[in-house]
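Me: Good morning. I have a structure open and would like to go through it with you, please.

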Amino acid sequence: MTMSQLGWAQVVEKTTDKITVESKKQYLDSHRHDTTEKVEVLTKDRIEKSNSTSLNEAIDRMPGIDSQDYCVNCGAKRISINGLRGDHTSVLMDGIPLYSAVSSVYGFDAIPMLSVEEIEVRRGTGSSLINPEAIGGTINIITLMPKESGTKASVSYGTYNSQNLDFLHNFVSENYKLSLGAEYNSQQEWDTDDNNFAESPWKQRYSLFAKQTIDLSNKIQWATRVSYVNMEIVGGNTEQFKLRGPISIQASDTDFVDGDVRKDFIGDIKVISEYVGVERSEATSKLITIIDSENSLEFNLAGAVYNQTSYYMHAFDYLTEDITLYSDIKWKHQLTDDQTFMLGMSYRDERLRSESEVMYETNNVPKDNFDFKAYSLFAQHEWFLPYNLELSSALRLERLRNTWTFLGDLDEDIISPRVMLKWEPNEHFSQQLAYGYGYRMPLTSIESAHGAYDGFIVDINQLEKSHSLVYSVSYNTPKYYITPSLHYTHLKNMAYPKDPAVAHSGPLTFVNDTENHDIMVYDILTGYKPTEAWLIELGYEIYDYPESYKEKLPTAAIEQRLNVRAEYEVKNGFGFILNGSWIGSRDISRYYQYEDHFNVSDGLLGVSEPKFQVAPNYWQWDLSVTKKVNKIDYMLSVQNIFNYTQTKAGDSPAMWHFHDGHTHLDNRHVWGPNRGREINLKMTYNF
């Protein structure tokens, strides 16, 4: 039994086998991305057992990952890797970079898990060979590659009216594979303190996707994928009221009893309402041909169109269209039995166009439109040395060109080296040391500084850059495994929004940070399998951030976390999984503007009763029980068993934000869960 059978924190092993026609099926079916870094894998089995309906839910408890609620009103989320900001996390679809900092704020929630085969996570700078934005790390979503024909449909329904319906049909013949899927998902808003101001928004999503793979000959395979997602988010109000345009007023203390956000909201629901509508279409094409036993070529062509319509309780609107086009070609060559080489080039073109009646027409601030182009040449060499050593190195040369139509431009040519040394003296023990140099074009969007209704000024003249060092040790046997690791990131030129001298006296100015930041993450993952049916897993993580870095993070990050997992499964189709996470106490006043959050406003620019400035430690537990009866799979799941939320702990995310003589209502004082206990029953019928 390998580590992959015990747990999902593993290194994807490489092979020294030559590329041959006989191994064509295995080689061409692989969409796993080239890497100079260790890879942690979340399998299809684990995704299904977690009953996750979004990417954020699926990977939230993986080592080094924190799924953060950036704003509980509009549902904005970020996925942080190694303690880096969410916009430093890159997401690939089958190894193709189609998500940007613009489309990832709401776009991650729009990825249907039905279409996902597995999820690979690479932690650290430069962990993805072809992706220029891997400062924190990279998530590679591998879509379905069916192995047999069949059809399945599932329906799930839960407390608080959560619903999920999906349908999947797979067809497999000797030279052709097809997957067709459709999904509908909805989640009810949460108002734990029953004050008519929701702490978690209502969401609804439906999606369609199709993927086909054709063997055009013995040596050529062509895969295409198309998908469409439509998602709506309604935040703040508890009546699912959807704003259809910008409002002209904002909330005041008279909208709450005694001006206290913990008491009943009694005003016009428009002043607490937010609406976000997202449409996303994707298309990808991958052609792989085996030239001979030592050479192969891969061609990729892909595009995505992201449209967002947003109306915020801060009395402004933001509508955007983000179009991304990507293409690459890669040549893979077997130099010797012990060496492989890959050479490739890529082109990426992203265009953002935005509209806002309030910001652009009324307030006359410049638009954040941009045209971004990246031209790249990259190479990777893998060498299997004596004494069970493996050396993987890569070099990327890139020309980056970005023009903010009304705000300036930033052009730079850059070279980034990456290297990994692995030593595996036997089948049980391995060590890895990896270094990467990464960079990112800081393309801003409205959600980079939520509530920035006065607009933007861009005063950025440098790329964000980072150095990353990763060291890990792994020991595994059929019964247990243990993997400690250390992740270090040196971050330079971080882009962040700088407030004007007096709050809301003018636009936010995005600048490069003059300070460098060193972020450390220490973690250990261990698992034990006492019997064939049992798996017990423990993971512990410590995040060490400098104070100057904390004050620029938009959300209070986790600093300590303990994960516990117990899984039991027997051959008669019965099983259960118990998951628990402990988050350590932390001083959240150190994070961006948290010390300016209050419960009460008196209408005279006076505030009182500060929100929590020290977040308490807490546990959150989930349980799922599964049973297979004939052709039907049953799952009963309970998320947040003990119904713990920060609101029940006495500190809702709603607050009055007071700074520089200005007070306004917001809903982003976030440090803990804001959805309570949910019980869900799911039935899947296999035709």
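**Charged pairs, strands and surface**

Reply: Let us begin with Glu350, which counts as buried at 0% relative accessibility. Buried means under 20% relative accessible area, exposed means over 50%, and partly exposed lies in between, with a 1.4 Å probe and protein chains only. This is a predicted model, in which local features need pLDDT of at least 70, side-chain atom pairs count only at pLDDT 80 or more, and totals for chains, interfaces and linings use all residues. Residues are numbered from 1 along each chain as its sequence is written, and side-chain values use heavy atoms, with hydrogens and water left out.

Me: Which side chain does Glu350 meet in a salt bridge?

Reply: Its partner is Arg348, with 3.2 Å from N to O. A salt bridge here is a side-chain nitrogen of Lys or Arg within 4 Å of a carboxyl oxygen of Asp or Glu. Arg348 also counts as buried, at 3% relative accessibility.

Me: How many salt bridges does that rule give?

Reply: The count comes to 49 salt bridges. One of them joins Arg46 and Glu537, whose closest N and O atoms are 3.6 Å apart. This pair links distant parts of the chain, 491 residues apart: Arg46 is in helix α3 (residues 44-49) and Glu537 is in strand β27 (residues 534-544). For these names, helices (H or I, at least four residues) and strands (E, at least two) are DSSP runs, numbered from the N terminus.

Me: Are Arg46 and Glu537 buried or exposed?

Reply: Arg46 and Glu537 are both buried. A further salt bridge is formed by the side chains of Lys550 and Glu559, at 3.3 Å from N to O. Both of these residues, Lys550 and Glu559, are buried as well. In addition, Asp45, Lys49, Arg565, Glu567 and Glu569 are joined into one network by salt bridges that share partners.

Me: Changing topic: how many disulfides does the structure hold?

Reply: The number of disulfides is zero, where a disulfide is a pair of cysteine sulfur atoms within 2.5 Å. Cys71, for example, is in no disulfide, and the nearest cysteine sulfur, that of Cys74, is 3.5 Å away.

Me: Why is there no bond for Cys74?

Reply: The sulfur of Cys74 is not bonded because the closest cysteine sulfur, in Cys71, is 3.5 Å away, which is too far. Cys71 is buried at 1% relative accessibility, and Cys74 is buried with a relative accessible area of 1%.

Me: On to strands, then. How many residues of β2 are buried?

Reply: Strand β2 (residues 65-71) has six of its seven residues buried. It runs antiparallel to strand β3 (residues 76-81), to which six bridges join it. Two strands pair if DSSP finds at least two bridges between them. Within this pairing, Gln68 of β2 has Arg78 as its bridge partner. The two strands form a hairpin with four residues between them, and Gly75 in the turn has a positive phi of about 80°.

Me: Which other residues have a positive phi without being glycine?

Reply: Among them is Ala315, with phi near 65°. Ala315 lies in the loop between β14 (295-312) and β15 (316-336), and it is buried at 14% relative accessible area. Another is Asn630, with a positive phi of about 55°. Asn630 is in the loop between β34 (618-629) and β35 (632-639), and it is exposed at 71% relative accessible area.

Me: What is the order of the strands in the open sheet of three?

Reply: The order is β21-β25-β24, with mixed pairing. The edge strands, each pairing on one side only, are β21 (456-459) and β24 (495-498). Strand β21 runs parallel to β25 (residues 508-512), with four bridges between them. Val458 stands opposite Phe510 in β25.

Me: Last topic, the surface. Where does Met345 lie, and is it buried or partly exposed?

Reply: Met345 lies in strand β16 and is partly exposed, with a relative accessible area of 48%.
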